[in-house]
Amino acid sequence: MKGVSDMKQTNNNYELGKQLIHNSDFSVKSVKTFMGREGHGVNANIYFKNQKIGDVIDSGNGGELNINYYIGDEWMRTNKDVDDFLNTLPKHTFKEKGYDFRLDEITRFDAEEMWNELINLYLIRREYKKDMRKVAVLRGDNVYTYNRKPSELGNKFRHNGDLNTLREIVLMKDKNSVILNELPESESFSIWYENVYNQGGN
């Protein structure tokens with residue numbers, strides 16, 4: 001599972017760029033969040049093709065993201081793979097980015113924006129994995145979680161006087177319900193993201 005979802009058709013170059021970042025060979029690990037003086041801070045290790053190329057830190061004090069590139073003991077001001085990738089991303093307008101000023105001004109993704117996007121994706125995935133520890137069901141436009149482990153879906157329980165599997169009980173309310181735990185991870189993540197994260201949580 002790479003990004004929030006498979007590549008989707010979009011006429012918004014900013015959203016397209018984010019998709020390309022999500023599905024790139026860049027990633028973050030060991031992400032830790034904390035409270036700074038002026039908001040949330042974060043630090044993380046950064047990777048290209050699963051090789052560590054540095055680390056980033058936002059102290060939460062109102063400054064920009066501090067990016068440190070290195071391989072082993074060799075420190076670098078920039079990283080060629082990062083720069084080359086950024087140059088492939090589409091230019092976009094401030095309007096596409098959701099700004100309400102200088103709407104037609106053209107801009108590009110920079111390294112800080114790229115790593116912040118990957119950190120956000122990492123944190124979203126972490127919330128998804130937390131929800132998937134329970135039975136998660138899509139019903140209509142909402143995802144509901146049950147305080148049962150997915151491994152219990154085949155177990156039988158007494159329900160309204162009958163003995164049914166947990167799977168049958170969950171699906172009784174709406175036969176069109178979808179048990180996310182039984183879908184391929186990329187598909188369940190995409191559904192969860194659209195119906196939970198985009199709506200501010202369940």
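A residue counts as buried when its relative accessible area is under 20%. Keep that cut-off in mind as we walk through this structure, which is a predicted model.

Let's start with helix α5, which covers residues 185-195. Phe-189 and Trp-192 both sit in this helix, three residues apart, or about one turn. Phe-189 has a relative accessible area of 0%, so it is buried. Trp-192 comes out at 2%, so this residue is buried too.

Now for the rings themselves. The structure has eleven aromatic pairs. One of them joins Phe-94 and Phe-101, and this pair is edge-to-face, with 5.7 Å from centre to centre and 85 degrees between the planes. Phe-94 is buried because its relative accessibility is 8%, whereas Phe-101, at 38%, is partly exposed. Back in the helix, Phe-189 and Trp-192 make a stacked pair: their centres are 6.1 Å apart and their planes are 15 degrees apart.

Rings can gather in groups as well: Phe-26, Phe-48, Phe-85 and Trp-115 make up one aromatic cluster. Tyr-47 has company of another kind, as Lys-29 lies over the face of its ring, 4.6 Å from the ring centre.

Finally, look at the strands. An open sheet is built from three of them, in the order β9-β8-β12, with antiparallel pairing. The edges are β9 (142-146) and β12 (178-179), each of which pairs on one side only. Between β8 (residues 135-139) and β9 there are five bridges, again in the antiparallel sense. To find one bridge yourself, go to Val-135 and look across to Tyr-146 in β9, its bridge partner.

How values were computed. Residues numbered from 1 in each chain as written. Predicted model: local features only at pLDDT ≥ 70, side-chain atom pairs only at ≥ 80, totals over all residues. Heavy atoms only, no water. Pairing = 2+ DSSP bridges. Helix = DSSP H or I, 4+ residues; strand = E, 2+ residues; numbered from the N terminus. Phe/Tyr/Trp six-rings, centres within 6.5 Å; stacked < 30°, edge-to-face > 60°. Buried < 20%, exposed > 50% of the residue type's maximum accessible area, 1.4 Å probe, protein only. Lys NZ or Arg CZ within 6 Å of the ring centre and 35° of its normal.
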